[in-house]
Amino acid sequence: MAFRPLSYALGAEVLGIDLSKDISAATFDEVHQAFLRYGILLFRDQHLTREQHIAFSRRFGELDCNERSPDTDPQYPELIIITTRPRADGTPSESRYTGRLWHSDLCHTLTPAMGSLLRCIERPDVGGDTLFSNMYLAYDTLSDGMKKLLEGLHGIHARGRQYDTMSTERVAFLKGLRPVAQPAVRVHPETGRKTLYIGEKVKQFVGFTPEESRPLLDFLNRHATRPEFVYRHQWRKHDIVMWDNRCTQHQALGDFDMTQIRHMERTTIKGTPSGYLIEAA
Ligand code: SIN
């Protein structure tokens, strides 16, 4: 097994591994260490069944069962399906716009995700790329003054979805959820490093109005997604990209022909508890 860096900021391709085979404890440990080091791992040409995708993901921890996600297959609740493929009745999928804002998975819950493994089943002719940014670098490169300011701040994370693509029942369900506040700076539980924990789903800071929060949020979002902190992944069929949600964020680009099929399946590994519920505005 070998690791080939994907960009200056983050990511490595894992060479010489077949995830459909049994992975020894020693090999798994090497993969886990690389995951902590690079933030993103790319596994190419992995011809996996859904069961194998789930089983490999489970080696890292308990999986989320996506009770809040659209387009799941009841037989595989561990998989989030992100697809432009219309439903059996011909209506558009609800999941086709998933991930269009910069975010970290499950940031709007009290157990934000530890990791995610996204498998490319079908891709459009061009585009449909995903961007990732390194939130350690984003934090480390702030001034001491800004770090101090952020230390006590909590961002309120809203769901970023467009309600007009959803069924009335889902809209009602989502509107009934109380927003979650997360610290703007989190300590990675395994590496001990500080990371910036914001994104485009943060609408305001606790104790600040949305208008007061906006300039700071705009600055932080711009800063965190500077080209030198970002890796852009161009998908190939049978790719699996695994990312550490505790020190990266990502964005699915709409840079493709939406009449073509882009079909992705994701497992999400649960993280440690973080944040608190606030009253709905
Ligand atoms: C997501 O997991 O947020 C979606 C990523 C993608 O579809 O590229």
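**Ligand shell and selected residues**

Modeller: In this predicted model, an oxygen atom of the ligand lies 2.6 Å from an N or O atom in the side chain of Thr130.

Colleague: What makes the pair formed by the ligand and Thr130 a polar contact?

Modeller: The cut-off for two N or O atoms is 3.5 Å. The ligand oxygen and the Thr130 side-chain atom are 2.6 Å apart, so the pair counts as a polar contact.

Colleague: How far is a ligand oxygen from an N or O atom in the side chains of Arg262 and Arg266?

Modeller: The distance is 2.7 Å for Arg262 and 2.8 Å for Arg266. Both values are within 3.5 Å, so these pairs pass as well. The ligand taken alone exposes 260 Å², of which the protein buries 100%.

Colleague: Where does the ligand sit?

Modeller: The ligand sits in the largest cavity. To be placed there, more than half of its atoms must lie within 2 Å of the cavity's grid points.

Colleague: Which residues are around the ligand, and how do they divide by type?

Modeller: They are Ile82, Gly99, His103, Asp105, Leu118, Thr130, Trp243, His250, Ala252, Arg262 and Arg266. The shell holds 4 nonpolar, 4 polar and 3 charged residues. Gly99 belongs to the shell and is classed as polar because glycine is put in that group.

Colleague: Why is Arg246 called buried?

Modeller: Buried means under 20% relative accessible area. Arg246 has 7%, so Arg246 counts as buried. Arg246 is in the loop between β13 (240-244) and β14 (248-252).

Colleague: Which side chains does the side chain of Arg246 contact?

Modeller: One contact, of 3.3 Å, is with the side chain of His188. Another, of 2.8 Å, is with the side chain of Glu190.

Colleague: Why is Ser95 called buried, and what does its side chain reach?

Modeller: The relative accessible area of Ser95 is 1%, and therefore Ser95 is buried. Ser95 lies in the loop between β4 (80-83) and β5 (113-122). A polar atom of its side chain is 3.2 Å from the backbone oxygen of Ile81. The side chain of Ser95 also reaches the backbone nitrogen of Thr83, at 3.1 Å.

Colleague: Is Phe132 buried or exposed, and how do you know?

Modeller: Phe132 has a relative accessible area of 0%, so Phe132 is buried. Phe132 is placed in strand β6 (residues 130-134). Its C-alpha atom and that of Ile156, 24 residues apart along the chain, are separated by 22 Å.

Colleague: What makes Asp45 exposed?

Modeller: Exposed means over 50%. The relative accessible area of Asp45 is 53%, so Asp45 is exposed. Asp45 is found in the loop between β3 (40-43) and α2 (50-58).

Colleague: Why is the phi of Asp45 worth listing?

Modeller: The phi of Asp45 is near 55 degrees, a positive value in a residue other than glycine. Most residues other than glycine have a negative phi.

Colleague: What is the phi of His238, and why is His238 called partly exposed?

Modeller: His238 has a positive phi of about 75 degrees and is not a glycine. His238 has 25% relative accessibility, so it counts as partly exposed. Partly exposed covers values in between the 20% cut-off for buried and the 50% cut-off for exposed. His238 is in the loop between β12 (230-233) and β13.

Definitions and conventions. Residues numbered from 1 in each chain as written. Predicted model: local features only at pLDDT ≥ 70, side-chain atom pairs only at ≥ 80, totals over all residues. Heavy atoms only, no water. Near = heavy atom within 4 Å. Polar contact = N/O pair within 3.5 Å; in protein donor to acceptor, adjacent residues only side chain to side chain. Areas by Shrake-Rupley, 256 points an atom, 1.4 Å probe, with all protein chains shown as cover. 1 Å grid on protein atoms, 1.4 Å probe; cavity = no way out; pocket = protein on both sides within 12 Å on 5 of 7 lines; lining within 4 Å. Helix = DSSP H or I, 4+ residues; strand = E, 2+ residues; numbered from the N terminus. Buried < 20%, exposed > 50% of the residue type's maximum accessible area, 1.4 Å probe, protein only.
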